[in-house]
Amino acid sequence: MLLVAAAVYAGCMISPPSLMDDVDAVQAQIARNMLASGDFVTARLDGIPYLEKAPLIYWLIAGAFKIFGATDWSARIPMVVGAIALAWLTTAFGIWAFGRRAGFYAGLCISTCFGLFLFTRILIPDVMLTASIALSMWAFLRAIDEMEAHPRWWAFVMAASLGTSLLFKSLVGVVFPVAAALIYLGWTGQIFRRKVWKSLHPWSGLLVVLLIAAPWHVLATLRNPPYFDLTMRSAAGEYHGFLWFYFINEQLFRFLNMRYPRDYDTVPRVYFWLFHLLWLFPWSVYFPAVAKLSFKPVDRAGKTRLLALCWTGFILVFFTFSTTQEYYSMPCYPALALLLGSGMAAGGDLIRYGTRVLCGIFIATAAAVLTLYFLAWNLPAPGDISSALSSNPGAYKLSLGHMEDLTIASFAYLRLPLLVAAFAFLVGAAGTFRAKGQRAFLAVALMAILFFQAARIAMAAFDPFLSSRPLAETLRRAPPGQLIVDHHYYTFSSIFFYTNRTALLLNGRFNNLVYGSYAPGAPNVFIDDGQWKMLWLQPERCYLVITREAVERLKKLVEPKLLTVVAESGGKLLLTNHALLTNHAGVE
C-alpha cells in the first residue's frame, strides 16, 4: 500500500496541468535563471536579486532541469522524491521504535493524509525540510540510545541533516529539531549528563553543519554587500545587503511581525491549531487513542512518543507566538504520524469508535458530493471555470480560501472529479462499515488515494484560472514585442516561466521584489501608468498581461480601440497596442 501511495504521489505531483501563478512558477523560474546564468548563489527574478529564501530547492529543481529539461513536470521531481522519502523515513522510524505494524501504519498516515497532499501541490521546500527534520530526530534518538551499535554514525547523520535543513529553510531547520531535542533531554533528566553529550559529538557536529551550510551563506554575503549591518528597522527604500535582510528582516522581524514589506498574511491561531484535524485527516479521528499510550521513556517506544510530543509541542507553540501559515507546521506531521501509527497498532475501543466515525463521515460526504453533482447535472459549462467563480479575497489567507469562490454553476466544470470523489468516499464507507483493524485502515488509505485522483482531475479544470500558460503559449507564437506585466511579478509568474523572458512590471514595485530592487546594479524594470502610456502609444509593438477587472483603469489612459485582445484565459487578458493580422477586437 505504501508503494501504491508513492506511485500516487508521483502521478499526482508530476502530472498537474501547469505551473501555477504565484510561488509555484516563481521557484521554477529562479532555478532556470540559475542554470542559465551559472550563478547558484544569488537568486534572481526578472533580473532583481531575490534574497528571501534558502537555495537548496532551487539547486534541486535546476538539477532536474539539467537532466530532463526545463518543464513543469521536471520542476516537480524534487517534490516527488521528498514526499516519497518522507513516507519511507516515517515508516522506518516507526518500525525501529514500535515494530513493523505500527511503523507501517505511521507511513500510511503520512503518505495519505490530506495536508501533505495539499501542501505538495506547489513548489515550496517544506516537505523536504520535514523529511530532513524527521531524519535528524531519528538520528538524535539513535545517537543517545545505549543499545545502538553505531552512535557516532548517527550523530554525523543528525549533524548532516541539520546542515541540510538550514539550506532548505534557514534557521527554523535547526531551531525546531534542536529545541525539541533539548526539551526531551530536559524532561528525561539527561541534559546535564556528560555521556549523552559525548554521544552527540556537538563540536564535530557543528563543524559538519558549517561545512554544509556556511559556504553558501558566506558567498551570498560577499556578493551582496554591505557585509555587516545591524540596523534594527525595516523600512521602504533601504538596502542593507544580504546578511541583514536574510537573518534580521526575514527571521527576526518576520517572527516579531515587524518585517517590511509585509507581503504575507497570518492565519488565526485557533484555525492554525484546529486545522491539524483536517491536515491529518482521515487519520486524525484516531487522535483520542493516542492519549492512552505510555509516554514514559523506559523503552524505545516510550522515548519515541515523548520525543514526538516535544517535537510537535515546540513547533505549534513557536508559531502560536509568530506569524503563521497552515503549512508552516508540516515539520510536525511525522511526529503526529508516529503517534497515530503507535495508537492504531495498539487498537482498543477508541480506534474502533474512530473507524465508525470515519464511516459516518464518508457516507455524509459522499451524499453531499452526489448532491452537488446532480445540482450541476444540466448546467452549461461554456469557456473555462473562471467565468463561474465568485471572488472572496478576504478568504485567500487560508490555503483552502478559494473554496469560497465555488458556486453551483462552477460544479458543472467538475462533474468527473465529483463522481470520482463520491466513489472514493463510498469505497471508504464500504471498507469501514464492518471491517476492523488493518482491513479498515487499508480501506481508508484506498479512499484517500482515489480522492487524490479526483483532486488531480479537478486541478485540470482550474488550470486556466490558476495558471497563465494559455496566454504564454499565445505570446510565444505572436510577433516580437516588449512584454509588460500588470501588477506584481507573482500575479502572472507562469508567464515568465513558459515564455522564459523578462518583462517590465507595471505598478509592480512592492512585496517580494521591492527590497532587491534597491540593490546596486539592479535593473529598473518597474514602470508607472504614465510610462506605460508612452510605451503603448509608440510605433513599436508591446504586449500587456492583465486581469479583466484591471482593464478599466487603462481605458482612462488610452482609447479602448488601442487595447487589442490577443488572447483571454481564466479571467486574464493578453493585450497588444497594434492590431495583429488575425484582426482581434479591442476591449469593449
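In the predicted model, six strands form an open sheet of mixed pairing, in the order β5-β4-β3-β6-β8-β7. The edge positions are taken by β5 (526–527) and β7 (564–569), each of which has a single partner strand, so one side of each is left without a neighbour in the sheet. Helix α22 (residues 469–477) packs on this sheet, where it touches β3 (482–486), β6, β7 and β8. The direction of α22 makes about 140 degrees with that of β7.

Within the sheet, β3 is paired with β6 in the parallel sense, over 4 bridges, and Ile484 stands opposite Leu544 in β6. Strand β3 also runs parallel to β4, to which it is joined by 3 bridges; here Asp486 stands opposite Leu506 in β4. Of the 5 residues of β3, 4 are buried, so this strand is largely enclosed by the rest of the structure. Strand β6 (residues 542–547) runs antiparallel to β8 (residues 572–576), and the two are joined by 5 bridges. In this pairing Leu544 stands opposite Leu575 in β8. Leu544 thus faces a residue of β3 as well as a residue of β8.

The packing of α22 on the sheet can be followed at Thr474, a residue of this helix. Thr474 has a relative accessible area of 18% and is therefore buried, the limit being 20%. Not counting residues up to four places away in sequence, Thr474 touches Val566, Ala567 and Leu574. Val566 and Ala567 fall within the range of β7 (564–569), and Leu574 within that of β8 (residues 572–576).

The largest nonpolar core comprises 177 residues, and those with the most contacts inside it are Phe140, Tyr184, Trp283, Tyr286, Trp311 and Met344. The greatest contribution to this core comes from helix α8 (residues 126–144), which supplies 13 residues. Apart from this core lies another, of 17 residues, which include Leu504, Leu563, Leu573 and Leu575. Leu575 of this second core is the residue of β8 that stands opposite Leu544. In the largest core, the surroundings of Trp311 were examined without its neighbours within four places in sequence; Trp311 is in contact with Phe93, Ile133, Ala134, Met137, Ala180, Pro331, Cys332, Pro334, Ala335 and Leu338. Among these partners, Ile133, Ala134 and Met137 fall within the range of α8 (residues 126–144).

Helices α9 (residues 151–169) and α10 (residues 172–187) pack with their axes 7 Å apart and at an angle of about 135 degrees. This angle makes α9 oblique to α10. On the side of α9 the contact is made by Leu162, Ser165, Leu166 and Lys169, and on the side of α10 by Val172, Gly173, Val174, Pro177 and Val178. By class, 6 of the residues in this contact are nonpolar, 2 are polar and 1 is charged. Tyr184, listed among the residues with the most contacts inside the largest core, falls within the range of α10 (residues 172–187).

Two cis peptide bonds that precede proline may be noted. One runs from Pro225 to Pro226, with omega near 5 degrees; Pro226 lies in the loop between α12 (202–223) and α13 (241–255). Another joins Phe281 and Pro282, with omega about 5 degrees, and Pro282 is placed in the loop between α15 (276–279) and α16 (287–290).

Positive phi values occur at Asp46 and Asn500. For Asp46, which is not a glycine, phi is about 55 degrees. This residue is found in the loop between β1 (44–45) and β2 (48–49), and Asp46 counts as buried because its relative accessibility is 5%. For Asn500, also a residue other than glycine, phi is near 50 degrees. Asn500 lies in the loop between α23 (493–499) and β4 (504–506); at 44% relative accessibility, Asn500 counts as partly exposed.

A further loop position is that of Gly99, between α5 (77–98) and α6 (100–112). Gly99 counts as partly exposed, at 24% relative accessibility. The C-alpha atoms of Gly99 and Ala388 are 51 Å apart in space, and the two residues are 289 residues apart in sequence.

Technical notes
Residues are numbered from 1 along each chain as its sequence is written. This is a predicted model: local features need pLDDT of at least 70, side-chain atom pairs count only at pLDDT 80 or more; totals for chains, interfaces and linings use all residues. Side-chain values use heavy atoms; hydrogens and water are left out. A nonpolar core is a set of buried Ala, Val, Leu, Ile, Met, Phe, Trp, Tyr and Cys residues joined through side-chain atoms within 4.5 Å. Buried means under 20% relative accessible area, exposed over 50%, partly exposed in between (1.4 Å probe, protein chains only). Contact means heavy atoms within 4.5 Å. Axes are lines fitted to C-alpha atoms, for helices over the stretch in contact, and angles run from 0 to 180 degrees between N-to-C directions. Angles under 35 degrees count as roughly parallel, over 145 as roughly antiparallel, 65 to 115 as roughly perpendicular and the rest as oblique. Ala, Val, Leu, Ile, Met, Phe, Trp, Tyr, Cys and Pro count as nonpolar, Asp, Glu, Lys and Arg as charged, and the others, Gly among them, as polar. Two strands pair if DSSP finds at least two bridges between them.
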